[in-house]
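Here are a few notes to read alongside the model. Have it open as you go through the points.

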Amino acid sequence: MSPGWPALSYRAGRIAIMAVVAVVAGADHRLPAAPGAGTRGGGGVLQPLDASGAPIGPPEQVADLALAVADRERRERPRWVWASGAALYPVLLRAGVRVDRCHDIELTEALLLGYAGRWGEPRSFAAAWARLTGAPVPPDPPPRLAEPPGHGQGALFESPLAPPGPGIAALTRVYADQLARIAATEHPGRFRLLVAAESAGALIAVELGAAGLPWRVDVHDALLGELLGGPSPVGGPPRRLAELAARIAAAFDVPQLHVDSPLELVRAFARAGVEVPNTRSWVLRGVDHPAAPLVLEYKELYRIWTAHGWAWQEAWVRDGRFRPEYVPGGVVSGRWATRGGGALQIPKVIRRAVVADPGWTFVVADAGQLEPRILAAVSGDTRLATAARAGDLYAALAADAFGGDRGRAKVALLGAMYGQTGGSAAPALEVLRRNYPAAFGYVETAARSGEAGELVRSWLGRTCPPGSVEFAGADPVPAGGEGGRSARARARGRFTRNFVIQATAAEWAATLLATLRGELAGSDTELVFFQHDEVIVHCRAERAAAVAAAVTRCGERASALLFGQTPVRFPLDLSTVECYADAS
DNA sequence: CGATCCGGCGCC
DNA sequence: AAAGGGCGCCGGATCG
């Protein structure tokens with residue numbers, strides 16, 4: 001295992017460990033109601049632990065949990081062990097309390113269940129405790145619905161603490177059990193890093209949601225006016241959309257047409273003598289009919305209107321910040337998801353509205369060509385790793401084996417990672433297979449495993465979910481040409497092939513993010529956005545260079561933490577900009 | 001009628 | 001040129 005980094009290290013010798021359960025004041029008989037309890041979300045119980053998770057001394061009941069956590073954090077900076085950061089940390093943060101590191105029981109349970117092939121079993125602290133004691137396992141509560149800020153009860157800051165769980169003794173036993181299960185994995189050091197990064201992600205997600213992405217409503221409005229022509233006074237479509245719809249109808253020589261309906265569009269084209277299988281944009285781009293370019297323009301603007309228009313702004317932007325709710329581990333590959341707001345799909349044109357505060361700036365960093373570099377690192381393919389030392393991996397690969405044709409080199413690598421088999425990619429893939437056998441073999445092995453119904457794992461040990469049980473048996477679909485494999489098996493192979501890469505890339509990015517949070521802690525900077533392989537720091541303009549240097553260091557640290565001494569480089573594209581749209 | 005599926009497209 | 005992985009979100013279409 002590579003050298004640890006404080007926030008991610010599990011070397012417990014110098015790090016205090018503190019289990020904590022929150023107790024809603026007055027709602028739990030184990031905690032006598034105390035004067036002042038509940039002013040900051042209630043009291044709780046703290047329990048110091050040793051490195052193995054065993055209790056040190058008696059638990060301590062506190063009436064004001066946030067105060068107690070802040071105090072311990074200042075004195076000891078322990079690793080906090082708690083049931084769910086998603087539930088507890090918003091309450092602490094609202095009270096102004098930040099913590100450095102934690103072990104998130106719920107997220108860890110999900111990782112361990114997945115590792116054991118028990119995907120989908122309840123992952124809550126209560127469920128883990130029930131499994132440990134042989135009690136009936138309670139189902140997880142259903143996921144909350146997306147809830148824009150300022151509406152309803154305001155999920156992030158005003159949700160009450162969850163009802164009291166099984167208590168501090170149970171929590172410490174579940175923690176010790178998880179430590180033992182982690183130790184029993186194939187690569188415990190890697191899995192510890194995964195747990196630490198996932199737990200840190202839970203903290204960062206809450207902080208990101210609280211900070212929000214700076215959003216200039218006036219710029220957004222101007223942009224929408226420019227693109228859409230201003231909202232219609234009667235709640236109908238914006239002026240430019242209505243105009244386009246009219247012109248489309250005219251092009252089809254009909255009085256009116258429902259352009260939002262793919263079915264109506266296909267029929268209209270058919271009446272005009274153009275047979276299209278669907279109305280996808282790449283299909284329409286090849287259609288020779290005056291309506292086609294109009295429809296393409298309509299779709300683009302319609303998308304902006306419905307997904308990032310005035311209604312979206314009204315729902316999601318408050319006080320100059322877009323505040324989505326991030327969900328770490330919300331994607332099977334370990335990528336984050338968001339709940340509401342579509343934060344991970346902000347169209348490029350709309351990013352014009354993301355403007356730094358006066359005197360401040362954005363440091364935007366994204367990891368270029370991350371996935372092929374991950375492939376080079378995990379496969380240990382020395383020739384690919386050599387190419388991955390270059391700033392432009394595809395160009396280096398092209399020079400090495402593709403006769404300088406960068407496009408073919410890229411097609412080959414993407415095809416290998418996504419599972420493309422046919423088309424013009426085939427010969428390029430053959431070049432890849434011949435010249436980079438270890439890398440090619442790595443994804444091929446993952447694909448064959450998936451086709452055979454086996455599970456695959458990321459570098460740190462995140463495990464892919466099983467295929468649906470209904471398809472686990474014999475596949476009724478006749479086997480195609482691909483060596484007798486069914487279409488279903490091949491689809492599964494493409495999934496597992498991609499999983500080993502995408503999930504490891506997510507781990508690298510999460511590790512970068514966690515180390516960066518540590519570096520920025522206490523400084524006058526804020527993390528404001530994270531999207532798969534891209535991070536935005538909002539800081540005073542004069543600090544930008546220092547922040548950029550910190551991001552670079554953290555990228556190197558992430559690489560070392562995951563892969564140790566690897567020749568593969570993971571360069572970050574860095575921009576210091578006042579507007580997100582100006583980032584490279 | 002609401003719940004759910006699906007087409008389509010935004011991002012990585 | 002098109003298609004191969006992962007998502008969320010919208011509105012239309014369809015189901016019960």
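1. The lining of the second largest pocket mixes 7 nonpolar, 4 polar and 7 charged residues. Here Ala, Val, Leu, Ile, Met, Phe, Trp, Tyr, Cys and Pro count as nonpolar, Asp, Glu, Lys and Arg as charged, and the others, Gly among them, as polar.

2. A word on ground rules: this is a predicted model, where local features need pLDDT of at least 70 and side-chain atom pairs count only at pLDDT 80 or more, while totals for chains, interfaces and linings use all residues. Residues are numbered from 1 along each chain as its sequence is written, chains are lettered from A in the order in which they are written, and side-chain values use heavy atoms, without hydrogens and water.

3. Back to that pocket: 18 residues line it, and Arg98, Glu207, Arg517, Ala521 and Gly522 lie nearest its centre. (A pocket is an open set of points on a 1 Å grid over the protein atoms alone where a 1.4 Å probe fits, with protein on both sides within 12 Å along at least five of seven lines; lining residues have an atom within 4 Å of a point.)

4. Now for DNA strand C, which has 23 residues around it, with Ser261, Tyr302, Gly340, Arg494 and Phe495 coming nearest; "near" takes a heavy atom within 4 Å. Sugar and phosphate make up 68% of the strand C atoms that come within 4 Å of the protein.

5. Which atom of DNA strand C lies 3.4 Å from a polar side-chain atom of Arg335? A base nitrogen does. Gly341 uses a polar backbone atom, 3.3 Å from a phosphate oxygen of DNA strand C.

Key
A polar contact is a pair of N or O atoms within 3.5 Å; within protein, one must be able to donate a hydrogen and the other to accept it, and residues adjacent in sequence count only if both atoms are side-chain atoms.
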